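Student: Could you take me through the empty space inside this model, with a close look at what lines it?

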Amino acid sequence: MIGHPLDRPVWSMLTGRQAHLAEGDRQAVRIDRGYGPFAAAADRSAAAQAGLAALVPAEGELWIVEGEAWPVPPGAREVKRAVLAQMVAEGPPPEARPGEPAIVALGDADAADMAALANHARPGPWGPKTHRYGPFFGVREDGRLLAMAGQRMLMPGMAELSGVATWEDCRGRGLARALIGHVMRAMAAHGETPFLHSYADNAGAIALYESLGFHIRREVQVLAIAAI
């Protein structure tokens, strides 16, 4: 199953630049459970599907993200399906606007605050190590973490914008826009083209991303599975 790395993003990340985070074998892989639930099979063969099923945890889910709808492997059950808009940035990153808030780097010392914000805003799967994917940045006010954004999947020459989250009472202040721009500039400084995934029916988010230079590359399918 050869194509553009973004057509099979989880397989690409876990057999490529982030193979050090992978569990499994040549038939199927999943990410270190502390980082989240992502998994992928090498192909649709019976052996690969069996390998994928073997990675399903006794509790919790696996998330499969593919360019085409993926079948539920034998021995697992479907939890949900969703469609994502896969977006890639074009051109240079946006410049910072006058009056944007101060942005700080986040790390292990901020893990509890980041997890609380992720649990509130639900930017995507979040685990105890998710903040270690790569650089994360945030805006703090009087010690409170108001908003954050960072990166997740890595492809050849590309990095995924992820974890964009703002507390509900802090929205409407341009915090997400400022953070996204900051992350994009950090990626560009390392020669990375930003990409992202957004639920395809989230028109507001997609409009924001388009205003910052992203365009929709294609739709991809998410399948969440669990043990029977």
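**Enclosed and open space**

Tutor: The lining of the largest cavity divides into five nonpolar residues, five polar residues and one charged residue. The model is a predicted one, and it holds one cavity of 30 Å³ or more. The volume of the largest cavity comes to about 60 Å³, and its lining is made up of P123, G124, P125, W126, T130, Y133, F136, Q151, R152, S162 and G163. The elements that contribute two or more residues to this lining are β8 and β9.

Turning from the cavity to the open space, the largest pocket encloses about 780 Å³. Its lining consists of 36 residues, of which P123, V164, N202, A205 and Y209 are the closest to the centre of the pocket. P123 therefore deserves attention in both lists, since P123 also belongs to the lining of the largest cavity, as the 4 Å cut-off between an atom and a point defines lining.

As for the elements around the largest pocket, at least two lining residues each come from β4 (62-66), β8 (144-155), β9 (158-166), α4 (175-189), β10 (193-199) and α5 (203-211). Among these elements, β9 gives the largest share of the pocket lining, with seven residues, and β9 is also one of the elements that supply two or more residues to the lining of the largest cavity. In chemical character, the lining of the largest pocket is divided into 21 nonpolar, nine polar and six charged residues.

Notes:
Residues numbered from 1 in each chain as written. Predicted model: local features only at pLDDT ≥ 70, side-chain atom pairs only at ≥ 80, totals over all residues. Heavy atoms only, no water. 1 Å grid on protein atoms, 1.4 Å probe; cavity = no way out; pocket = protein on both sides within 12 Å on 5 of 7 lines; lining within 4 Å. Points joined across faces, edges and corners; volume = space filled by probe spheres on them. Helix = DSSP H or I, 4+ residues; strand = E, 2+ residues; numbered from the N terminus. Nonpolar A, V, L, I, M, F, W, Y, C, P; charged D, E, K, R; others polar.
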